[in-house]
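Welcome, and take a moment to look over the chain below. A short tour of its cores, charged pairs and surface comes after it.

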Amino acid sequence: MKNIEERRNRTIARTPSLHATMRAPHIDKTAISPYDDYCDGYGMPGAYGNGYVSVLKVSAGTVEKTNDMLIDGIVTYDKAETADAYVGQINMLTASSFCGMAGQVWGYDLARHDDIASGASTPLFTEKQFDGSELKVFDAQPLLNAGIELFGTAENRRYHPIPGAHTICANKGITAYRPKEDRPLKEGEAYGVWSFIAISLSADRDFAADLFIEDAGVWTENDNEQDMLAYLEQHRKEIVWSVVECGRDSSVLFDRTYVSFAYRMMKPNEIGNAITVGPYVTLARNAVPATGFASLNSLHLSDWLKQMDFEPLTVLAN
């Protein structure tokens, strides 16, 4: 009995002398929300199409501590949600953690960021996969910037998820407190907080999902920001190691990985929160060009911005 990949790779006669491979069935990736100016969470009623769009975000925020740790945690989490690409006021639902064959990545598949489209970016480093091939690892900042251009910021909002949206997200977060006084740290205390997001694009996207890796943690060594930054740059390699191992588990090879982190060093008596978020959304109707949803696959981010009559909020090219 053939497995599913063998069945999908069967051939079909086109003419008496020509046989063509049937690589994979058509999957509807259209993802349009029922709202003109708001994205919506994937799977919510009223959407057109069966697809979804993955948007990348990694952010951190701080707030001065009050006498209510629970409320402080809520407020600082909200600050991280509203920093950078705006995803405030949503009901965040947790998913683990793939962009599948019905999904597309904003800034890569749709409205490809100009830096990525140019091919000028050089890898940060490479990592060997289980078959010996090299996995190229790139800075995810262009994808993060693409998310900012789509959703806007707290001060300049665009097609962000509709307030109150139930939004499935690949996500993790961490909260920690820095004491006001200079003393040894206790459990739940730290000098800084950090979070990572990585997406690894399958080498065979007709057969395997793209993989999200999210991580978040605390910095407890000292209050030296440069030491914390050096640690995070090293920890980035451990994130990519986990990508390779997850690929080994499912016999999936990846074409490339994009990875970035956010961090915040707290001041004394501050609570910090770092989150990593990959919301799965359907696009606002007005975010879809007049040429149709599928035309987003051939547009650069700068082209999309021009069609939307938006000025860039981020740097589009190095």
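The report below moves from the interior to the charged side chains and then to the surface.

This is a predicted model, in which local features need pLDDT of at least 70 and side-chain atom pairs count only at pLDDT 80 or more, while totals for chains, interfaces and linings use all residues. Residues are numbered from 1 along each chain as its sequence is written, and side-chain values use heavy atoms, with hydrogens and water left out.

**The interior**

Let us begin inside. A nonpolar core is a set of buried Ala, Val, Leu, Ile, Met, Phe, Trp, Tyr and Cys residues joined through side-chain atoms within 4.5 Å. Buried stands for under 20% relative accessible area, exposed for over 50%, and partly exposed for anything in between (1.4 Å probe, protein chains only). The largest nonpolar core has 36 residues, and the members that touch the most others are Val-53, Trp-106, Leu-150, Leu-283, Phe-293 and Trp-304. Helix H4 (141–151), strand E15 (270–282) and helix H6 (301–308) are the elements that give two or more residues to this core; helices (H or I, at least four residues) and strands (E, at least two) are DSSP runs, numbered from the N terminus. There is also a second, separate core of 23 residues, with Phe-196, Met-228, Leu-232 and Val-252 among them. In soluble globular proteins, nonpolar side chains tend to be buried together.

Leu-283 is a good residue to find on screen. Leaving aside residues up to four places away in sequence, its contacts (heavy atoms within 4.5 Å) include Val-53, Trp-106, Leu-150 and Phe-293. Thr-62 lies in strand E5 (residues 57–64) and counts as buried because its relative accessible area is 17%. Beyond residues up to four places away in sequence, Thr-62 touches Thr-76, Lys-79, Arg-264, Met-266, Glu-270, Ile-271 and Gly-272.

**Charged side chains**

Side chains of opposite charge can pair when their charged atoms come close. A salt bridge here is a side-chain nitrogen of Lys or Arg within 4 Å of a carboxyl oxygen of Asp or Glu, and the count comes to 11 salt bridges. Three of the pairs are set out here.

| Salt bridge | N to O distance |
|---|---|
| Arg-158 and Glu-149 | 2.7 Å |
| Arg-183 and Glu-189 | 2.8 Å |
| Asp-255 and Arg-256 | 3.1 Å |

Arg-158 is buried at 8% relative accessibility, and its partner Glu-149 is buried at 0%. Arg-183 is partly exposed at 21%, whereas Glu-189 is buried at 10%. Asp-255 is partly exposed at 42%, and Arg-256 is partly exposed at 22%. Elsewhere, a network of salt bridges links Asp-109, Arg-205 and Asp-210.

Which side chain of opposite charge is nearest to Asp-114? That is Lys-306, 7.5 Å away, and Asp-114 is buried yet has no salt bridge. For this purpose Lys and Arg count as positive and Asp and Glu as negative, with His and the chain ends not counted. Asp-114 sits in helix H3 (residues 114–118) and, residues up to four places away in sequence aside, touches His-300, Leu-301, Ser-302 and Leu-316.

**The surface**

Finally, Leu-70, Ile-71, Ile-74 and Val-75 make a nonpolar surface patch of about 370 Å². Patches are made of residues with over 30% relative accessible area and no salt bridge, with like charges joined within 9 Å and nonpolar side chains (Val, Leu, Ile, Met, Phe, Trp, Tyr) within 5 Å. Accessible areas come from the Shrake-Rupley method with a 1.4 Å probe, and for residues, only the protein chains shown count as cover. Ile-71 belongs to helix H2 (residues 69–82) and counts as partly exposed because its relative accessibility is 41%.
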